[in-house]
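Take a look at the model below. Keep it open while you read this short report.

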Amino acid sequence: MYDDFETARKILTSYRRFAIVGCSANPSRASFRVATYLLGQGFEVIPVNPNEERIGDLDCFPELSSIPTEELEVVDIFRRSEFAGKHVDEAIELGAKAIWMQLGVIDAAAARRARDAGLDVVMDRCPAIDHPLIRSNSRPTNS
């Protein structure tokens with residue numbers, strides 16, 4: 001229900017700004033590679049990690065609430081599932097437009113809360129996988 005490719009398509013074609021919670025400065029981490037991919041495709045990336053000051057050329061915010069709220073569109077969560085709900089609730093409170101929980105990040109209750117609050121929600125997906133499919137007008141074989 002929350003791994004719907006059409007919702008992923010809507011998010012990737014409607015919004016341009018991704019706040020990446022758990023973004024890492026380590027190039028071997030998936031969050032760094034996804035941030036780099038999104039930047040290369042013209043998206044704006046706002047890294048969020050209390051343990052980083054800068055990621056590449058970008059200033060890193062310690063938490064979502066430290067980002068000016070008018071800049072929140074998509075909150076992309078790269079945290080373990082048990083921590084996702086806290087970030088979802090914060091994103092709802094701050095007026096984000098969409099929640100994206102990365103591959104392996106699954107919290108159905110948090111996803112429901114976000115959807116009930118009017119946010120677009122995907123879970124257990126990756127924008128760096130879905131975006132090329134959308135650009136080529138393809139669909140994943142499993143959705």
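The report covers the cores, the cysteines and two helix pairs.

This is a predicted model, in which local features need pLDDT of at least 70, side-chain atom pairs count only at pLDDT 80 or more, and totals for chains, interfaces and linings use all residues. Residues are numbered from 1 along each chain as its sequence is written, and side-chain values use heavy atoms, with hydrogens and water left out.

**Cores**

A nonpolar core is a set of buried Ala, Val, Leu, Ile, Met, Phe, Trp, Tyr and Cys residues joined through side-chain atoms within 4.5 Å. Buried means under 20% relative accessible area, exposed over 50%, and partly exposed in between, with a 1.4 Å probe and protein chains only. The largest nonpolar core holds 24 residues. Leu 64, Leu 72, Val 75, Ile 77, Ile 99 and Met 101 have the most contacts inside it. Elements that each supply at least two residues of this core include β1 (17-21), β5 (74-77) and α3 (81-94). Helix α3 gives the most, with four residues. Helices (H or I, at least four residues) and strands (E, at least two) are DSSP runs, numbered from the N terminus.

Val 75 touches several parts of the chain. Leaving aside neighbours within four places in sequence, Val 75 is in contact (heavy atoms within 4.5 Å) with Ala 19, Val 21, Leu 64, Ala 91, Ala 96, Ala 98, Ile 99 and Trp 100. A second, separate core has 23 residues, among them Phe 18, Val 74, Cys 126 and Ile 134.

**Cysteines**

How many disulfides does a search of the whole structure find? The search finds zero. A disulfide is a pair of cysteine sulfur atoms within 2.5 Å. The table shows why two cysteines are unpaired.

| Cysteine | Closest cysteine sulfur | Relative accessibility |
|---|---|---|
| Cys 60 | Cys 23, 6.5 Å | 11%, buried |
| Cys 126 | Cys 23, 12 Å | 8%, buried |

Both distances are too far for a bond.

**Helix pairs**

Axes are lines fitted to C-alpha atoms, for helices over the stretch in contact, and angles run from 0 to 180 degrees between N-to-C directions. Angles under 35 degrees count as roughly parallel, over 145 as roughly antiparallel, 65 to 115 as roughly perpendicular and the rest as oblique.

Helix α1 (residues 5-14) packs on α5 (residues 127-135) at about 85 degrees, with axes 10 Å apart. The two are therefore roughly perpendicular. Phe 5 and Leu 12 of α1 are among the contact residues, as are His 131 and Ile 134 of α5.

Helix α2 (residues 30-40) meets α5 at about 30 degrees, with axes 9 Å apart. That makes α2 roughly parallel to α5. Here Val 34, Tyr 37 and Leu 38 of α2 meet Pro 127, Ala 128, His 131 and Pro 132 of α5.
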